[in-house]
Amino acid sequence: MTTLTMAKAINEGLRQALAGDDRVVLMGEDIGTLGGVYRVTDGLQAEFGPRRVMDSPLAESGILGTAVGMAYRGYRPVVEIQFDGFIYPAFDQIVSQVARMHYRTGGAVRMPITIRVPFAGGIGAAEHHSDSPEAYFAHAAGLRVVSPSDPADAYTLIRQAIASEDPVLYFEPKRRYHVKGDVDVDAALADARPMGTARVVEAGSDVTLVTYGGVVQVAKDAAIAASDEGISVEVIDLRSLSPLDLDTVSASVRKTGRLVISHEAPLSGGIGAEVSAAITERCFYQLEHAPVRVTGHDIPYPAAKLEGAHLPDLDRILDGIDRALDRPNSLTGAEER
Amino acid sequence: MTIDNQPAITHRGDENPIDDVRLGELNLGAIDTVQLLTPTGQRISDLRYDAWVSDIGDQQLLSLYEDMVVVRRIDTEATALQRQGELGLWPPLLGQEASQIGSGRALRSDDFVFSSYRENGVAYCRGAGLTDLVRVWRGTAQSGWNPYDINMATPQVIIGAQTLHATGYALGIQADGTDSVAVAYFGDGATSEGDVNEAMIFAATYAAPVIFFCQNNQWAISEPVTLQAQRPIAERAPGFGIPSIRVDGNDVLAVLAVTRAALERARNGGGPTFIEAVTYRMGPHTTADDPTRYRDTADLEKWKAKDPISRVEAYLATAGILTPESAEAVATTADTVAAELRAGCISLPDPDPMTVFDNVYAEAHTGIARQRDHYSRYLRTFVGGDDR
């Protein structure tokens, strides 16, 4: 075991992919000489050269469109979108081209493209640097969407994403970049937890708390706080947002009868809505309470000094747990709306 | 082209209204236009490009002529199939035969084409099967062919998106160290798209072996080229650091010559070239379009006089190559091709409903697996659905 930050764990995964397959090519803004604005690609251009680790012009659609062409030629591009809020210029190439090329060509042309996206808030950044756009991509057929929450998973998932024959959106929670954890860098990929699966990170029996990315640590903290009040919380890290591992979530909800879903992204049309609907369909008779969502509001990402009023924090998640358990909560006495 | 029905727009710092520029006309603007065969069939010399077609004798020109006639016949037949309800839609290339055959016949089999949906003439040159040309328009598939079988990507519907794909593919060629070339085909409308401009930046930055082949056919559905460009389109590429050639797109010989020159440049590490082939879309945008709503028939008549096929016909007739017998042979070939196209089209089977789930992903996906299973169960609830 090696102790690595999440940023370093991803870096190590990229290094191994570059070393193991000369068809792997990295492309993005500032990823070469600088090593990325978060240093995730630090040292890789020096090691593999400017044609394997390419600094690109400042054009996100250009990055994704050329990645499509490189994949057409048999390469496995790993592209970086510098910040979540910069992905929108590439949206057309991602959903109209990357996502559909395999389907369009009847399986003839594969798009093994990994799209790395530093995402979400909690770091006091300027506008367009804290977005959580994952639901747009989870809605687009043909894409896989994953998000790690700790260094070990980050290391596993980036290697799996690059190895996948399908395009993968890899959302990196920026606020977890510098948190350290144990990583087995020699672990064989074949033995790793499969990419499309969720993970029970804390076992519990009273309520199931489902989340992903940067909120996983908040959820774990909330579980500890809840246990002080005698509430046993089962925390599930989805890891994969497309496909969703509904088997793991429904197995938990059948046990607990209560479901809370939390994410930073806005409420409406979010991952929480999909999990809520899918679990209600599967576990209607086991649910003791309607699923509860604790998410960002339906607002544009606010100014840095206001992000505390937007992000689901420990207390808001505890309040959601209270709602799911029919304990006194913020909506007690109000109509559920 | 006539743009008399367009408002005269004056742009800042320029006292000349844009309709003085006549973007679709030849020999206007700062860049000259390559022409080797005039509209009346005169072979004229251009010392820069003669050598590129020195191997094209009368028999070779007859072969290019036949290609153009066949492709026009395919176009006519497909349009008829649409009118008869056998195709949902068809995008005619009428008038653009020289641009497509001249460039398409310049390519090597290991070059790779990324085109829009109108390049059926290029697809024909690449070796696409006749039935493959109509699968998409009959609605039985979203790609007419396996791109790797003929080294031509599935024609792109999103305007200009394929220029980036060609550039990325060219980067792959470069990394592989081979001397193949990627060719992006697009129209005058596409030049307004960000992707086309980004593609030129990427191609120039990395000196990618790619050709940007723009068929300026004067119209993006109803919008004249003057809505996309205030100067000849060929003038844009040099600003990106890309050499540019403007060619008479209705002159198959000139198009062949400039494309060969651009290919050779790319093969030798010279990087990208931009070609503006000035031509005219003589038909509608698609069979669903009605060009009488937005353009003058006088315009069409003027361009009929510059028809890409008739000028070769005139040349070959004067040269004594095109005799009534050889003309008859070409026409018979075209009719045979059309009959084969028709037979292949109408015998295309409808795909099985369950195939909607195929190839969404290359690897197993639990969400798709669930929906496939459910839909299959649903279909089995119908009489006769037991075999699914």
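**Entry 1: domains of chain B**

I started with how chain B is cut up: domain 1 covers 21-346 and domain 2 covers 352-388. I then looked up the spacing, and the C-alpha centres of domain 1 and domain 2 of chain B are 40 Å apart.

A reminder to myself: this is a predicted model. I checked the confidence next, and chain B has a mean pLDDT of 92, with 91% of its residues at 70 or more. Residues 1-22 of chain B stay under 50, and there the model has 29 contacts beyond four places in sequence. I leave those contacts alone, because predicted coordinates should not be read in detail where pLDDT is low. For the model as a whole I noted ipTM 0.96 and pTM 0.94.

**Entry 2: where the chains meet**

I asked myself how many residues each chain puts into the contact. Chain B gives 35 and chain A gives 36. On the chain B side, the elements with two or more residues are H5 (147-150), H6 (161-176), H7 (194-206) and H13 (366-380). H6(B) brings the largest share, 11 residues. By type, I find 18 nonpolar, 14 polar and 3 charged residues on this side of chain B.

While I was around H5 and H6 of chain B, I stopped at Asn151(B), which sits in the loop between them. Its phi is positive, about 50°, although Asn151(B) is not a glycine. I marked it because most residues other than glycine have a negative phi. Asn151(B) has 17 other C-beta atoms within 10 Å, so I list it as partly exposed.

**Entry 3: a covered helix in chain B, and what packs on it**

Is H2(B) buried or exposed? I found 8 of the 8 residues of H2(B), which runs over 97-104, buried. Ser99(B) and Ile101(B) are among them. The buried residues of H2(B) pack against H1 (58-83), H3 (120-126), S4 (210-216), H9, S8 (273-278) and H11 (308-318) of chain B.

I followed two of these partners. For H9(B), residues 252-267, I did the length check: 16 residues at 1.5 Å a residue should span 22 Å, and the end C-alpha atoms are 22 Å apart, so the two agree. H9(B) is mostly covered as well, with 13 of its 16 residues buried. After H9(B) comes Gly269(B), with a positive phi near 80°.

In S8 of chain B I picked Ala277(B). It has 30 C-beta neighbours inside 10 Å, so Ala277(B) counts as buried. Beyond its neighbours within four places in sequence, Ala277(B) touches Ser99(B), Phe213(B), Cys214(B), Gln215(B), Asn216(B), Val247(B), Gly249(B) and Val255(B). I also noted that Ala277(B) and Ala234(B) lie 43 residues apart in sequence but 8.9 Å apart in space, C-alpha to C-alpha.

**Entry 4: domains of chain A**

Over to chain A, which is divided into domain 1 (2-191) and domain 2 (199-324). Their C-alpha centres lie 26 Å apart. The contact between them draws 25 residues from domain 1 and 21 from domain 2 of chain A. On the domain 1 side, H6 (134-138), S6 (144-146), H7 (151-163) and S7 (168-173) of chain A each supply at least two residues. I sorted that side by type as 11 nonpolar, 7 polar and 7 charged.

**Entry 5: strand S5 of chain A**

I looked at S5(A), residues 114-119, and found 6 of its 6 residues buried, so the rest of the structure largely encloses this strand. Thr114(A), Arg116(A) and Pro118(A) point one way, while Ile115(A), Val117(A) and Phe119(A) point the other way, and all are buried.

Which strands does S5(A) pair with? S4(A), residues 76-80, runs parallel to S5(A) with 3 bridges, and S7(A) runs parallel to S5(A) with 6 bridges. Thr114(A) is the bridge partner of Val78(A), and in S7(A) Thr114(A) has Val168(A) as its bridge partner.

**Entry 6: backbone oddities in chain A**

I keep this entry since most peptide bonds are trans. The bond from Ser242(A) to Pro243(A) is cis, with omega near 0°. Pro243(A) sits in the loop between S12 (240-242) and H9 (246-256) of chain A.

Last, Arg39(A): I read a positive phi near 65° in a residue other than glycine. Arg39(A) lies in the loop between S2 (24-28) and H2 (44-48) of chain A. With 15 other C-beta atoms within 10 Å, Arg39(A) goes into my notes as partly exposed.

Technical notes
Residues numbered from 1 in each chain as written. Chains lettered and ligands numbered in written order. Predicted model: local features only at pLDDT ≥ 70, side-chain atom pairs only at ≥ 80, totals over all residues. pLDDT = per-residue confidence, 0-100. Contact = placed C-beta atoms within 7 Å. Helix = DSSP H or I, 4+ residues; strand = E, 2+ residues; numbered from the N terminus. Nonpolar A, V, L, I, M, F, W, Y, C, P; charged D, E, K, R; others polar. Expected span 1.5 Å × (residues − 1). Buried ≥ 20, exposed ≤ 12 C-beta atoms within 10 Å, placed from the backbone. Domains from an automatic or database assignment. Pairing = 2+ DSSP bridges.
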